[in-house]
Amino acid sequence: MSRKRLIAAYVLLVGAPLLGLLGILRSGQRLAAPASVGGTWNLEGDLAPLAGSRCAAAFANISQPFFAISQSGSRLTFTLNNPEQTTLPGTMRQNAVTMGSESSREEASGDCAHPQAIRFQAALSRQGPQRSLTGTLTVAGCPDCPALPFRAVRQHPPVKDGQ
Amino acid sequence: MPNLGILILQIGVIIGASRLVAVLFQKFRQPKVMGEMFAGIMLGPSLLGWAAPHLSASLFPPSSLGYLNALSQVGVVIYMFLVGVALNPKSLREHGHTAVLASHVSIIVPFLLGAALALLLYPRFCDDSIGFTGFALFMGAAMSITAFPVLARILTDRGMVGTKLGSLAIACAAVDDVTGWCILAYIVVLVRVGGHASTPLWITVSGLVVFLLFMVYGARRLLRRFGVACRETGQLSENALALLIVVVLASAVITEHLGLHLVFGAFLAGVIMPKGKKFVRYIFDKFETPTVVVLLPLYFAFTGLRTSVRVISDSQMCFFCLIIILVAVAGKLGGSMVAARAAGSAWREAAGLGILMNARGLMELVILNVGLDIGVISPSLYSIMVVMALVTTFMTTPLLEWVYPLRLVREEISELAQDELNYQPAAGHVTL
């Protein structure tokens with residue numbers, strides 16, 4: 001391969017992509033990702049109104065930190081801190097966070113004692129790295145169970161090595 | 001204290017499953033490592049956790065995974081050391097312009113496409129704790145890596161190590177590896193500094209410079225004695241071998257404490273080791289079998305336990321998975337092929353190089369695990385990228401057979417024999 005051809009190939013196949021990479025990194029700065037909500041959360045709410053109702057069993061074995069969130073963009077996976085480590089899907093749209101799918105089996109069956117039936121809708125508040133959720137807890141498919149206002153505070157963001 | 005019963009049971013099940021699946025994959029002319037990776041995925045939530053959740057929960061209780069992870073990290077540290085030992089800078093010099101151009105293009109083109117893909121993925125798979133630059137650079141690095149040991153294994157299996165294509169592929173993969181790890185080291189520093197890491201940036205950077213200088217100009221000279229001893233006696237004393245392991249572990253721990261990752265130190269320790277044939281062969285004889293048979297399957301299983309291919313269950317996730325695989329193949333296979341062609345190789349040879357460079361294998365898994373550990377990729381994207389690594393590695397052997405059939409390899413070997421060309425690169429030692 002001649003020197004001239006090598007230089008031309010280098011400019012075209014290495015130099016041009018490098019410039020393209022710089023352009024991509026520059027234009028990507030304008031993109032915004034959803035707010036970080038991953039990590040463990042403590043629930044600050046009064047569950048007393050549930051006492052005696054058939055929904056109480058759904059919350060019975062859940063201890064603090066009440067739930068953990070695993071996040072992939074606006075898709076969330078909630079894991080309740082009970083022995084079964086119940087998982088629930090969730091979503092985030094701007095600052096609105098929802099736990100639990102509307103069309104789950106538990107809702108259809110009306111099994112109010114099952115942790116899978118727990119739902120919430122909440123608004124996210126941010127102050128630096130601190131995050132809190134304020135909203136309402138419900139039990140899907142059980143209209144006689146009262147909706148509970150709650151506040152949840154993030155304890156730890158997801159563990160990152162070396163941090 | 002770990003529950004030793006559970007840990008030993010886990011190790012037994014993992015080794016058994018990985019051997020079984022590896023043998024099955026070999027029947028389909030796939031490299032063993034492909035079967036071992038697949039076995040790891042099968043033991044996780046993708047299959048065992050889905051088909052037998054109670055069995056999975058009792059075999060891999062969350063409280064036991066820390067010990068399994070620790071063992072698997074030891075395995076990957078030794079493995080990265082071996083990858084570093086197998087690297088021989090001479091192999092690049094022997095191929096001149098073609099190798100330099102092809103290797104650089106085979107990094108930059110997939111890197112560019114990976115970064116471009118980040119524009120699409122960042123708002124959908126990331127959160128604001130990770131900046132776009134760190135994510136885009138990570139995606140670029142993950143797309144541009146080549147599984148140097150898998151590539152060497154495929155070449156050895158097909159008797160292609162001595163061919164022009166084989167030696168060119170080894171030279172390009174060696175450059176890719178070194179470049180890929182340097183880029184990843186930069187990304188780890190970038191992400192950890194952005195994420196308020198415990199190690200300040202100035203300590204990381206100045207510490208790394210001092211450590212690199214010490215390893216290249218200090219430790220390397222001392223290690224030459226190992227090479228001389230091995231050349232003269234054909235072996236190392238037990239004390240020398242123990243000292244060598246201490247050097248590897250110390251190097252891994254130092255890079256970890258500087259804010260990087262264990263794997264960088266282990267790789268660096270391997271790179272600065274003597275490159276004499278006898279020494280390299282001796283090191284592989286001593287370390288390869290326990291690493292490949294016992295420790296690496298644990299790493300694959302740990303990777304599998306973090307991977308859930310069930311996230312790719314709806315049409316949107318299938319779309320992203322497909323796009324990621326297409327971009328990975330177009331960047332690495334296409335980029336390497338075009339570069340080799342531009343450097344004067346024939347189309348068939350250029351396509352062969354592209355196919356070989358497209359195998360990502362275990363190296364991709366190591367990169368992805370680093371990315372998940374530092375939080376630069378989310379669990380869902382991690383799972384999709386693991387699938388991409390499996391697919392791109394799986395397709396290597398059948399595509400190579402199609403483009404560069406064994407008949408051509410035999411013809412080329414017989415021509416080379418006639419020309420009395422006898423080229424044996426050090427990478428032929430790698431049998432993973």
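Trainee: How many bridges join strand 1 of chain A to strand 2 of chain A?

Mentor: This is a predicted model. Strand 1 covers residues 39–44 of chain A and strand 2 covers residues 67–72 of chain A, and the two run antiparallel. Within this pair, A:Thr40 stands opposite A:Ala68. The number of bridges joining the two strands is three.

Trainee: In strand 8 of chain A, which residue is the bridge partner of A:Asn42?

Mentor: Strand 1 of chain A also pairs with strand 8 of chain A, residues 148–156. That pairing is antiparallel and has five bridges. The partner of A:Asn42 in strand 8 of chain A is A:Val153.

Trainee: Which residue takes a positive phi in the hairpin of strand 6 of chain A and strand 7 of chain A?

Mentor: Strand 6 of chain A, residues 118–127, and strand 7 of chain A, residues 130–139, run antiparallel and are joined by 10 bridges. Across this pair, A:Leu124 stands opposite A:Leu133. Two residues lie between the strands, and the one with a positive phi near 60 degrees is A:Gly128.

Trainee: Why is helix 17 of chain B described as roughly antiparallel to helix 18 of chain B?

Mentor: Helix 17 of chain B spans residues 361–373 and helix 18 of chain B spans residues 379–394, with their axes 9 Å apart. Angles over 145 degrees count as roughly antiparallel. The helices therefore earn that description because they pack at an angle of about 170 degrees.

Trainee: How many residues of this helix contact are nonpolar?

Mentor: The contact includes B:Leu365 and B:Leu368 of helix 17 of chain B, and B:Met385 and B:Val386 of helix 18 of chain B. Two residues of the contact are polar and one is charged, while the nonpolar ones number seven.

Note on methods: Residues are numbered from 1 along each chain as its sequence is written. Chains are lettered from A and ligands numbered from 1 in the order in which they are written. This is a predicted model: local features need pLDDT of at least 70, side-chain atom pairs count only at pLDDT 80 or more; totals for chains, interfaces and linings use all residues. Two strands pair if DSSP finds at least two bridges between them. Helices (H or I, at least four residues) and strands (E, at least two) are DSSP runs, numbered from the N terminus. Axes are lines fitted to C-alpha atoms, for helices over the stretch in contact, and angles run from 0 to 180 degrees between N-to-C directions. Angles under 35 degrees count as roughly parallel, over 145 as roughly antiparallel, 65 to 115 as roughly perpendicular and the rest as oblique. Two residues are in contact if their C-beta atoms, placed from the backbone, lie within 7 Å. Ala, Val, Leu, Ile, Met, Phe, Trp, Tyr, Cys and Pro count as nonpolar, Asp, Glu, Lys and Arg as charged, and the others, Gly among them, as polar.
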